[in-house]
Every structure is written in structure tokens, then in C-alpha cells.
Amino acid sequence: MANGGPVEHGYPHLETVRAAITALYKRLSYETVRTFSTSVAPADVAFCDTDDLHLGTQRVARELVRHYRLPDARMIVGFREMTHAANVELAAGPEYFIELNDRFRTHRRDIGAALAHEVMHVYLHRLDLSFAGTRDNEILTDTAATYLGAGWLLLDAYREDAASSQKLGYLTPEEFGYVLAKRALVFQEDPSVWFTSPQAYTAYVKGMAQARRDEEQPPLTAAGWAGRRRYARDRRHARDHPGTGPGAGVPYAFTPGGRGPLRVSFPCPTCRQRIRVPVSGRVRVRCALCRTVWECDT
């Protein structure tokens, strides 16, 4: 939790974020991901200053348990002085003990954001889905919470001005915006109408621009002129020099087809699973993992 300190910006964890999205689709399946098409509604996790602290916190926790479809899980939430925003004890269940930073006693509007992350820890624990190392596993948790409809709360908890700052989670604001944009493009949802933080809206706009760039890389037909020209040059080189790569900085790779045609592989803009198809001109490609259809010129 950045509390008055510097807030990291940009996309330093982008590859781990993308790997987390792929892992979600692989572990949950396309059908299960689609059941999270509706995000947590602001009214369901709203916290008024006149609400009882503990009753209100338990109410928000129950709503997040319901959203993540953990009907047999019970969250027992308390407060104490600590460095991090929150912590959860991952036991066998059905009861899980969550501790929130004492700061949330007076910053109640952000309790939903902290709980969105901690309850997702429980969800991933039950799925037996994790990444190696604390850092990558926390990035997975932030990404999963955001992609499955509760992470807009984490981005909305980001506030920064000349005198103070606050940010929850391990992703940068722009990375939260990127994952939210990925979700918005899949479910045709606009989370920006829920933001109370103007800085969160700015980060979402930047994240959407990055997400759009994923859909404008060759061999997708939406690629720009410069990208298509480089792709054509790399394709000729691959045909003339089998087994050599196209160089750094491009998402695609060519592989010899043996007796068949040259093949190209590239990441699906939606789920980042690599798609491999023959080099054969214009073609419609369907990702086997997330079932998104893309127009390509291979």
C-alpha cells in the first residue's frame, strides 16, 4: 500500500499480467470466465460513514464472496496496525480470517478494494492456482480480481496529488487500467462511470490505449502500415532463411512448415494464448482458448 509515498507508474509487470490472464482462461475455462460478465456494482459495496464499521465490513465481504461464487466461505474481518493494506490466512476453510490495516477505520470507502484483493486470494487458493514467488502471485491476484469484475475498486482507490498519495495492490495504476480495459473489450462494459478518483480515470484511459495496441499488431489486419510492412519483410526473410527469427520487438514468430507452408504464431489479443496458423494470406482465426475470432493477413 502506497500511503503518502511515491506511486510507481507504467507497465513494469506487463508480461506477468498477461501470463495471469492466460492462466485464468486455462484454469477456469471460457465458460466460467463468461459467468463473470457483470462487475461488482458500486451500490453493493458502498460504505457510508454512518454505517457500523464491523457490520458494514462483513456486509461488503459477503458481497464479494457472493460475486466470486464462494457460497460456503465465511470471511471474519478484523483491524490492526500493519504495514500492508490487508492480510488473509489461507486455511482449509470454510472460515477465513482477514486483517485490514487500521487506516481503513477512517478510510471506509476503500474497504471494498482491500477485500476484493484478499477474497480473491481465497478464490485462487481454492482453485489451486498460483504463480511462483510472492511478487508474481500478488500480481496474479490483482489481475484475477480485476478481470473477474471486482478490481475496478482497487484502481478507484488510487488517489494522488501534490501533497498526498494512496494506491492499493501490486499493479501500477496503468496496469490496473490495462486489465480493466481487457475486461471491458470482452464484456462490452464501461467501468469508468464508477470511478470517483480522477486519477483512476486517467490510468484507465492509458490502459485502454495499451490494450488497443494489442489488437493492432501484425498479422492482425488492424495493424498499421509500418507494422504490416515490417511483417512482410520478416516473412520474406523467414522464407529465404528457414529457422531464423524476425528479431526483437515483434510479437510474432515464424516456424518452418516442413512439407507444408510456413507457419506464424502470435499472441491472442484477448487471452494472450499463442495462436499458430499457416502463412496463407487473409484468414479468420479463432482462438481455441477464449474463442475470440480475429481477422488476419498472414
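In helix 9 of this predicted model, the residues Tyr231, Ala232, Asp234, Arg235 and Ala238 are buried, and the buried residues of this helix pack against strand 7 (253-255), strand 8 (263-267) and strand 11 (293-297). Helix 9 comprises the 16 residues 225-240, for which a rise of 1.5 Å a residue predicts a span of 22 Å; the end C-alpha atoms lie 23 Å apart, in agreement with that expectation. In the loop between helix 8 (198-214) and helix 9 lies Pro219, and the peptide bond that joins Pro218 to Pro219 is cis, with an omega near 10 degrees. Most peptide bonds, by contrast, are trans, and most residues other than glycine have a negative phi.

With respect to phi, two arginines were examined. Arg291, which belongs to the loop between strand 10 (282-286) and strand 11, has a phi near 70 degrees, a positive value in a residue other than glycine; with a relative accessibility of 37%, Arg291 counts as partly exposed. Arg69, found in the loop between helix 3 and strand 2, likewise has a positive phi, of about 60 degrees, although it is not a glycine. Arg69 counts as partly exposed because its relative accessibility, 43%, falls between the limits of 20% and 50%.

Helix 3, just after which Arg69 takes its positive phi, runs over the 15 residues 53-67, and the distance of 21 Å between its end C-alpha atoms agrees with the 21 Å expected at 1.5 Å a residue. At the start of this helix, a side-chain oxygen of Asp52 comes within 3.1 Å of the backbone nitrogen of His54. The buried residues of helix 3 are Leu53, Gly56, Thr57, Val60, Ala61, Glu63, Leu64, Val65 and His67, and they pack against strand 2 (74-80), strand 4 (95-101) and helix 4.

Two of the buried residues of helix 3, Leu64 and His67, are in contact with Val40, whose other contacts, neighbours within four places in sequence being left aside, are Val45, Gly149, Ala150 and Trp152. Val40 is placed in the loop between helix 2 (30-34) and helix 3, and it is classed as buried because its relative accessible area, 1%, is under 20%. Between the C-alpha atoms of Val40 and Pro242, which are 202 residues apart along the chain, the separation is 50 Å.

Arg183, located in helix 7 (residues 173-187), is also buried, with a relative accessible area of 0%. Its side chain makes a polar contact of 2.9 Å with the side chain of Glu189. Beyond the neighbours within four places in sequence, the residues in contact with Arg183 include Phe36, Ser37, Thr38 and Ser39, as well as Thr146, Tyr147, Leu148 and Gly149, and also Gln188 and Glu189.

Trp152, named above as a contact of Val40, recurs at the second largest pocket, which holds about 240 Å³ of space. Of the 14 residues that line this pocket, Arg109, Trp152, Leu153, Asp156 and Thr196 are the closest to its centre. Helix 4 (111-127) and helix 6 (152-156) are the elements that give two or more residues to the lining, the largest share, three residues, coming from helix 6. By class, the lining consists of nine nonpolar, two polar and three charged residues.

Key:
Residues numbered from 1 in each chain as written. Predicted model: local features only at pLDDT ≥ 70, side-chain atom pairs only at ≥ 80, totals over all residues. Heavy atoms only, no water. 1 Å grid on protein atoms, 1.4 Å probe; cavity = no way out; pocket = protein on both sides within 12 Å on 5 of 7 lines; lining within 4 Å. Points joined across faces, edges and corners; volume = space filled by probe spheres on them. Helix = DSSP H or I, 4+ residues; strand = E, 2+ residues; numbered from the N terminus. Nonpolar A, V, L, I, M, F, W, Y, C, P; charged D, E, K, R; others polar. Expected span 1.5 Å × (residues − 1). Buried < 20%, exposed > 50% of the residue type's maximum accessible area, 1.4 Å probe, protein only. Contact = heavy atoms within 4.5 Å. Polar contact = N/O pair within 3.5 Å; in protein donor to acceptor, adjacent residues only side chain to side chain.
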